[in-house]
Amino acid sequence: MNDSEESPASPVLRASDAERDRVEAQLQHHYAVGRLTLPELEERVAVACEARTRDQLDALVRDLPSEVEEPPSPTPEIDSRLLIILLCTSPPAALVYWLICQRTAHRNSPLRNMVIRPAPRPS
């Protein structure tokens, strides 16, 4: 057999400094939320700094959940400066602006779809 027949199915890829930094940031996040102790964090960060391949980096976070952080839904906030300017120049426009902001905030409220039923009356 020659070397070309023995090559692994997926090539071993070298890790970059940016990838090491990304894994270190992930480890720090998991420490911050309580999944790792300080000694575990220190040990894994040291291994990450010495890692030469992506597989070595992946092994450091394999037992930790991968959290896809969803960006928070944008909640419209009232721009107080704009509201003050509108109040001084055109109070009706300020009222309309405030009502639109309130309505949008109500639509995005997680409590909006809750159904509140009255308590049953005793017979």
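**Buried polar residues and nonpolar cores**

Q: Is Thr-53 buried or exposed in this predicted model?
A: The model is predicted. The relative accessible area of Thr-53 is 14%. The cut-off for burial is under 20%. Thr-53 therefore counts as buried.

Q: Where does Thr-53 lie relative to the helices?
A: Helix H2 covers 38-50 and helix H3 covers 54-61. Thr-53 sits in the loop between H2 and H3.

Q: Which residues does Thr-53 contact, leaving aside neighbours within four places in sequence?
A: Contact here needs heavy atoms within 4.5 Å. Outside its sequence neighbours, Thr-53 is in contact with Val-12, Leu-13, Arg-14 and Ala-15.

Q: How far apart in space, C-alpha to C-alpha, are Thr-53 and Arg-20?
A: In sequence, 33 residues separate Thr-53 and Arg-20. In space, their C-alpha to C-alpha distance is 9.7 Å.

Q: Why does Glu-19 count as buried?
A: Glu-19 is in helix H1, residues 17-32. The cut-off for burial is under 20% relative accessible area. Glu-19 is buried because its relative accessible area is 14%.

Q: Which side chain makes a polar contact with the side chain of Glu-19?
A: The Glu-19 side chain also reaches a backbone nitrogen, that of Ser-16, at 2.7 Å. Leaving aside neighbours within four places in sequence, Glu-19 is in contact with Arg-14, Arg-54 and Leu-57. The side-chain polar contact, at 2.7 Å, is with Arg-54.

Q: Which helices each supply at least two residues of the largest nonpolar core?
A: That core has 12 residues, among them Ala-15, Val-23, Leu-41, Leu-57 and Leu-64. Helices that each supply at least two of its residues are H1, H2 and H3.

Q: How many residues are in the second, separate core?
A: This core includes Leu-83, Leu-86, Tyr-97 and Cys-101. Its total is five residues.

Q: What does Leu-60 touch, not counting residues up to four places away in sequence?
A: Leu-60 belongs to the largest nonpolar core. Outside its sequence neighbours, Leu-60 touches Val-23, Leu-27, Arg-44, Val-47 and Ala-48.

Q: What pattern does the protein follow along the sequence?
A: The protein has five helices and zero strands. Read along the sequence, the pattern is α-α-α-α-α.

Q: What share of the accessible surface belongs to carbon and sulfur atoms?
A: Of the 123 residues, 18% are buried. The accessible surface comes to about 10,400 Å². The carbon and sulfur share of that surface is 56%.

Note on methods: Residues are numbered from 1 along each chain as its sequence is written. This is a predicted model: local features need pLDDT of at least 70, side-chain atom pairs count only at pLDDT 80 or more; totals for chains, interfaces and linings use all residues. Side-chain values use heavy atoms; hydrogens and water are left out. Helices (H or I, at least four residues) and strands (E, at least two) are DSSP runs, numbered from the N terminus. Buried means under 20% relative accessible area, exposed over 50%, partly exposed in between (1.4 Å probe, protein chains only). A polar contact is a pair of N or O atoms within 3.5 Å; within protein, one must be able to donate a hydrogen and the other to accept it, and residues adjacent in sequence count only if both atoms are side-chain atoms. Accessible areas come from the Shrake-Rupley method with a 1.4 Å probe; for residues, only the protein chains shown count as cover. A nonpolar core is a set of buried Ala, Val, Leu, Ile, Met, Phe, Trp, Tyr and Cys residues joined through side-chain atoms within 4.5 Å.
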